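This report introduces the charged pairs and the main helix contacts of the structure shown below. Please keep the model in view while reading.

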Amino acid sequence: MAEKRKYKKRYCKYCESKVDFMDYKDVGALRFSLSERYKIMPRRLTGNCKRHQDMIAAVVKRARAAALVPYSVTRKTVVTAPFENLR
C-alpha cells in the first residue's frame with residue numbers, strides 16, 4: 001500500500017479570531033477564501049472548520065447575487081490582478 005501523505009495541520013483562522021458573523025459587503029475579507037478565478041476554496045486548502053466554511057459559502061453566494069464578486073472567470077479572459085478591483 002502507498003503511504004499516506006503527511007500535510008501540515010491547518011487551523012481555522014476564523015476560530016482563532018473568534019468570528020461569529022461575516023458580512024457579504026466586506027469583499028476584502030473574502031479574497032482569502034476565493035481563488036484567482038473567484039471560486040470558493042475548499043476546506044482542505046484553507047484549513048477552515050465546517051461551521052466557518054459554510055458561513056463563507058453563504059456569504060460568497062450573497063456577494064455574487066449582489067454583484068460584488070463575479071460568478072467565475074473563464075480561461076479566455078485573462079485577469080492580471082483579480083482582487084485589485086474588489087475593495
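A residue counts as buried under 20% relative accessible area, as exposed over 50%, and as partly exposed in between. The model is predicted.

## A salt bridge between a loop and a helix

Side chains of opposite charge can pair when their charged atoms come close. A salt bridge here requires a side-chain nitrogen of Lys or Arg within 4 Å of a carboxyl oxygen of Asp or Glu, and 2 salt bridges are counted by this rule.

In one of them, D20 pairs with R51, with 3.3 Å between the closest N and O atoms. D20 belongs to the loop between α1 (13-16) and α2 (27-30), whereas R51 belongs to helix α4 (residues 50-65), so the salt bridge ties together parts 31 residues apart in sequence. D20 is exposed, at 60% relative accessibility; R51, at 45%, is partly exposed.

## A salt bridge within α4

K50 and D54 also form a salt bridge, their closest N and O atoms lying 3.1 Å apart. Both residues are in helix α4, separated by 4 residues, or about one turn of the helix. K50 has 51% relative accessibility and is therefore exposed, while D54, at 42%, is partly exposed.

## Helix α4 and its surroundings

The 16 residues of α4 should span 22 Å at 1.5 Å a residue, which agrees with the 23 Å between its end C-alpha atoms. Buried residues of α4 include H52, M55, I56, V59 and V60. The buried residues of this helix pack against α1, α2 and α3 (43-46). Just after α4, A67 has a positive phi of about 65 degrees.

Notes
Residues are numbered from 1 along each chain as its sequence is written. This is a predicted model: local features need pLDDT of at least 70, side-chain atom pairs count only at pLDDT 80 or more; totals for chains, interfaces and linings use all residues. Side-chain values use heavy atoms; hydrogens and water are left out. Helices (H or I, at least four residues) and strands (E, at least two) are DSSP runs, numbered from the N terminus. Buried means under 20% relative accessible area, exposed over 50%, partly exposed in between (1.4 Å probe, protein chains only). The expected span of a helix is 1.5 Å times one less than its number of residues. Contact means heavy atoms within 4.5 Å.
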